[in-house]
Amino acid sequence: MSIHLAAQAGEIAPHALMPGDPLRAQWIAETFLDEPRQYNTVRNMFGYTGSYQGIPVSVQGSGMGQPSMSIYATELMQDYEVKTIIRVGTCGAISSSVGLRDVIIANTASTDSAMNRHRFHGIDFAPGADFALLRHAVEVSEQRGLSAKVGGLFSSDLFYNDRPELAMQLAKYGVLAIEMEASALYTLALKHGAQALTVATVSDHILTGEATSAQERQETFGSMIELALETVKRNAESHSAG
């Protein structure tokens, strides 16, 4: 057991998906995994372990924001030896090259958080996704005909931001969308020698004001979960073959 997770040794798989919403973690486990078993209810941050086509997979809610993501990702990797984490969530697009319901496969994650500046004594550390996971995800998306874009995300500490011009400046430098967790996940995975990737569905578009309905989000989210699970499977098989 760790401070925030009640799982016993061996109850969490080496591979994990991390949605922000714990109820979405429950939905993922019950919809996509074989024989899911709940291992965590502490603080109602639900966690489950099952299997996907024979590959053990866990699904752990992370909560919203980088501090909460940092707690759960650290404990998964440090206390339960999780080696692969894919964040699955939503984002708000800020680029005209991205459309509503597109999936972004994030190769980088910029941030306004001071967490890494504290960690690296003022250095602007640049965390990125694991290349093998990124490659597998791109291959899966192409083979499935999924509308996916590879590019950078901005992990914001503020959901309600008083500086709308910041999004436009980021877009000029190629950032595709805004979310709140990827930068912390990428940083911690590098620290712990694990693999990490974020795939995020565009649920709203800041430029156009478009937004998806709850039903549309769930349907598109399902395609993204299949993409993430197939990426986990291919990655695990490539390690076995190696």
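Good morning. A residue is called exposed when its relative accessible area is over 50%, and buried when that area is under 20%; anything in between is partly exposed. I begin there because Arg-43, with a relative accessible area of 67%, therefore counts as exposed. Please keep in mind throughout that the model before you is a predicted one.

Let me stay with Arg-43 for a moment. This residue is found in the loop between strand E2, residues 34-40, and strand E3. Its phi is positive, about 55°, although Arg-43 is not a glycine. For context, most residues other than glycine have a negative phi.

Which other residue has a positive phi without being a glycine? Gln-53 does, with a phi near 50°. Gln-53 sits in the loop between E3 and strand E4, residues 55-60. With a relative accessibility of 47%, Gln-53 is classed as partly exposed.

Let us now step back to the whole protein. It contains seven helices and nine strands. Its radius of gyration is 17 Å, close to the 18 Å that the globule rule gives for 242 residues, so the protein is as compact as a globular protein of that length. The C-alpha trace spans about 45 × 45 × 35 Å along its principal axes. Of the 242 residues, 52% are buried. If we take contacts between residues at least 6 apart in sequence, 76% of them join residues at least 24 apart.

Next, the surface and the charges. The protein exposes about 11200 Å², and carbon and sulfur atoms supply 51% of that area. There are 17 positive and 26 negative side chains, and the centres of these two sets lie 3 Å apart.

I turn to the interior. How many residues belong to the largest nonpolar core? There are 66, and those touching the most other members are Leu-17, Ile-85, Ile-86, Val-88, Leu-197 and Val-199. Helix H7, residues 214-241, contributes the largest share of this core, namely eight residues. Another core, of six residues, lies apart from it; among its members are Phe-154, Leu-166, Leu-170 and Val-175.

Leu-17 makes a useful example. Beyond the residues up to four places away in sequence, its contacts include Ile-28, Val-57, Ile-86, Val-88, Ile-225 and Leu-229.

Now to strands E3 and E4. Ser-51 belongs to strand E3, residues 47-52, while Pro-56 is placed in strand E4. Leaving aside neighbours within four places in sequence, Ser-51 is in contact with Phe-32, Leu-33, Asp-34, Pro-56 and Val-57. On the same basis, Pro-56 is in contact with Ala-13, His-15, Gly-50 and Ser-51. Pro-56 is partly exposed, at 41% relative accessibility. Two C-alpha distances help to place these residues. Ser-51 and Arg-24 are 27 residues apart in sequence and 17 Å apart in space. Pro-56 and His-239 are 183 residues apart along the chain, yet their C-alpha atoms are separated by 14 Å.

My last residue is Ser-62, in the loop between E4 and helix H2, residues 66-80. Is Ser-62 buried or exposed? It is buried, at 0% relative accessibility. Its contacts, neighbours within four places in sequence aside, are Met-18, Pro-19, Gly-20, Met-45, Ser-68, Met-69, Tyr-72 and Glu-181.

To close, consider three loop residues together: Arg-43 is exposed, Gln-53 is partly exposed, and Ser-62 is buried. Thank you for your attention.

Key: Residues are numbered from 1 along each chain as its sequence is written. This is a predicted model: local features need pLDDT of at least 70, side-chain atom pairs count only at pLDDT 80 or more; totals for chains, interfaces and linings use all residues. Side-chain values use heavy atoms; hydrogens and water are left out. Helices (H or I, at least four residues) and strands (E, at least two) are DSSP runs, numbered from the N terminus. The radius of gyration is taken over C-alpha atoms; the globule rule is 2.2 Å times the number of residues to the power 0.38. Buried means under 20% relative accessible area, exposed over 50%, partly exposed in between (1.4 Å probe, protein chains only). Contact means heavy atoms within 4.5 Å. Accessible areas come from the Shrake-Rupley method with a 1.4 Å probe; for residues, only the protein chains shown count as cover. Lys and Arg count as positive and Asp and Glu as negative; His and the chain ends are not counted. The place of a charge is taken as NZ of Lys, CZ of Arg, CG of Asp or CD of Glu. A nonpolar core is a set of buried Ala, Val, Leu, Ile, Met, Phe, Trp, Tyr and Cys residues joined through side-chain atoms within 4.5 Å.
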